[in-house]
Amino acid sequence: MSINRNVLTLDEFTLQQLRQFPTATGELSRLLRDMALAAKRVNVEVNKAGLVDILGDAGSINVQGEDVKKLDIFANNQFMGVLQHGISCAGIGSEEMDDFVVFDDEISNNSKYVVLFDPLDGSGNIDVNVSIGTIFGVYKRVSPLGKPCTKEDFLQPGKNQVAAGYVVYGSSTMFVYATRRGVNGFTLDPSIGEFTMSHPNITCPPSGKFYSVNHGNFFQYNEGVRKYIDGCQRKTKENGGPYTQRYIGSMVADVHRNLIKGGIFMYPGTIEKPGGKLRLLYEANPFAFILEVAGGVATDGIGRILDIVPTSLHQRTPLFIGSKLMMEELAEVASIK
Ligand code: AHM
Ligand code: MG
C-alpha cells in the first residue's frame, strides 16, 4: 500500500504553520502536541471503558455538585500531566478542579500560556456508549513572565484566546482546533496512532437544518426562546425547513455536527437555573472562539460570549451558538442579542 504523503499529521501541520512565522517560539505548537498526546491516552481508556472496571462513579462530587466518573478523573490527570511536564503552560484551570493549578517551577514560570479545559464533557453518556469529548481554550498569560501565573490569567474574556479546540471520542476520534487563522480537523488514524488532517479549513455553513436543545426543559425557557423553538418545528420547505431536532446531550458531539453541517445549539437559562448549565470558561468560550473563526455566532442572549469578563472560574452561562443566519433569526424571533 502506498502512503499518501499529502495528508499531514497534526504535528506536521502545526510545524508547517510555525514555519510561516520565523519569529515564533513554537510554544503553541508544542502545547497542541501535548494536548493531542493526552487525547490519545484518554481515547484508549474511553474505547475500553465497557471492558474494564473503570466505568461508574468515582464516589466523589465535583465542585458543581455533580457525580464525577472515574474517566473524568483519569482524563483530568492526563491533560494536567502533559501540560505540567511540557514547556508551554504556566498553569491550568479544569472543570474537575475547585481551583486553578499553578505549575510553580522555573520552566513553567517562564511559559507563555495558561489552559482552561473540560477534560471529559458529557461524561453522563459514558455508561451508554455515546460520544463524549474534551474542550479547551488557550490564553496568553497577562501576569509577568518569570513568576508563577495568577488568577487574572484565568479570568480573561474569551476573545483573548489564542487557540481553542475539542476532541470528540466518537465513531472515530477527532481533534479540532482553531487559531485566528482558521479551524482545522484531524482524525485519529489508529494504524499509526496519529491525528491526520481530515477536515482542512472548516467553515460553518451560514444556515442548516439542525437545531439542538433539550426539549424536556421547554416550559422552563423564556417566552422568546419557546417561540423560536416552536418556529423551528413549524419550518417548511418554503421558509428554509423542514428542520431536524438533534440533541445527544453531549455538547462536543452536538456542536461538532452543527459546525460541520450547519445548525444551532442552545442551552438557555431555565426557571430553576437562570444562568443555564454550561460553564463559560471550559465549554462556552472555546466553542464560541471556534465557531466565530469558522464564521458562526455565539451569544448568551445578552451579548457576545467572547466579550464576557469572567468573575469566577466555574461560572455558568446560557449559550446560543451556531450558523450565522440561524442565529440572526433566533435573535429576531426570541428578541435576544
Ligand atoms: P457535563 O460537563 O457535566 O458533562 O455537562 C455538560 C453537558 C453537555 O455536554 C451537554 O450539552 C449538556 O450537559 C446536556 O445537559 P442536559 O442533560 O441538561 O440537556
Ligand atoms: Mg462539561
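**Exercise 1. Look around ligand 1 in this predicted model. Which residues come nearest, and which classes make up the shell?**

Solution.
- Start with the neighbours: 16 residues surround ligand 1, and Asp121, Gly122, Tyr247, Met251 and Tyr267 come nearest.
- Now sort the shell by class: you get five nonpolar, five polar and six charged residues.
- Next, see which strands help out. S5 and strand S13 (263-267) each supply at least two residues of this shell.
- Finally, zoom out to the domains. Domain 1 (10-199) and domain 2 (210-334) both give residues to the shell, so ligand 1 lies between them.

**Exercise 2. Find the polar partners of the oxygen atoms in ligand 1. How much of the ligand's area does the protein cover?**

Solution.
- Check the side chains: an N or O atom of Glu95 sits 3.0 Å from an oxygen atom of ligand 1.
- For Glu283, a side-chain N or O atom is 3.1 Å from an oxygen atom of the ligand.
- Then try the backbone, where a polar atom of Ser123 is 3.5 Å from a ligand oxygen atom.
- Now for the cover: on its own, ligand 1 has 470 Å² of accessible area, and the protein covers 83% of that.

**Exercise 3. Work out which residues hold the magnesium ion (ligand 2), and what the pair Glu95 and Asp121 ties together.**

Solution.
- List the protein donors: Glu95 (OE), Asp118 (OD), Asp121 (OD) and Glu283 (OE), at 1.9 to 2.7 Å from the ion.
- Read them along the chain and you get the spacing E-x22-D-x2-D-x161-E.
- Place the pair: Glu95 is in the loop between strand S3 (89-94) and strand S4 (101-102), while Asp121 is in strand S5 (residues 113-121), so the two tie together parts that are 26 residues apart in sequence.
- Check the surface too: Glu95 and Asp121 are both buried.

**Exercise 4. Hunt for unusual backbone geometry. Where is the cis peptide bond, and what is phi of Asn201 and of Ser335?**

Solution.
- Remember the usual picture: most peptide bonds are trans, and most residues other than glycine have a negative phi.
- The cis bond joins Gly241 and Pro242, with omega about -10°. Pro242 is in the loop between helix H6 (223-234) and strand S12 (244-245).
- Asn201 has a positive phi, near 50°. You'll find Asn201 in the loop between strand S10 (194-199) and strand S11 (210-212), and its relative accessible area of 56% makes it exposed.
- Ser335 also has a positive phi near 50°. Ser335 is in the segment after helix H9 (324-334) and is exposed at 65%.

Methods: Residues are numbered from 1 along each chain as its sequence is written. Chains are lettered from A and ligands numbered from 1 in the order in which they are written. This is a predicted model: local features need pLDDT of at least 70, side-chain atom pairs count only at pLDDT 80 or more; totals for chains, interfaces and linings use all residues. Side-chain values use heavy atoms; hydrogens and water are left out. Donors are N, O and S atoms within 2.8 Å of the metal (3.2 Å for Na, K and Ca); water is not among the atoms, so sites may look incomplete. Helices (H or I, at least four residues) and strands (E, at least two) are DSSP runs, numbered from the N terminus. Buried means under 20% relative accessible area, exposed over 50%, partly exposed in between (1.4 Å probe, protein chains only). A residue is near a molecule or strand if one of its heavy atoms lies within 4 Å of it. A polar contact is a pair of N or O atoms within 3.5 Å; within protein, one must be able to donate a hydrogen and the other to accept it, and residues adjacent in sequence count only if both atoms are side-chain atoms. Accessible areas come from the Shrake-Rupley method with a 1.4 Å probe; for residues, only the protein chains shown count as cover. Ala, Val, Leu, Ile, Met, Phe, Trp, Tyr, Cys and Pro count as nonpolar, Asp, Glu, Lys and Arg as charged, and the others, Gly among them, as polar. Domain bounds come from an automatic or database domain assignment.
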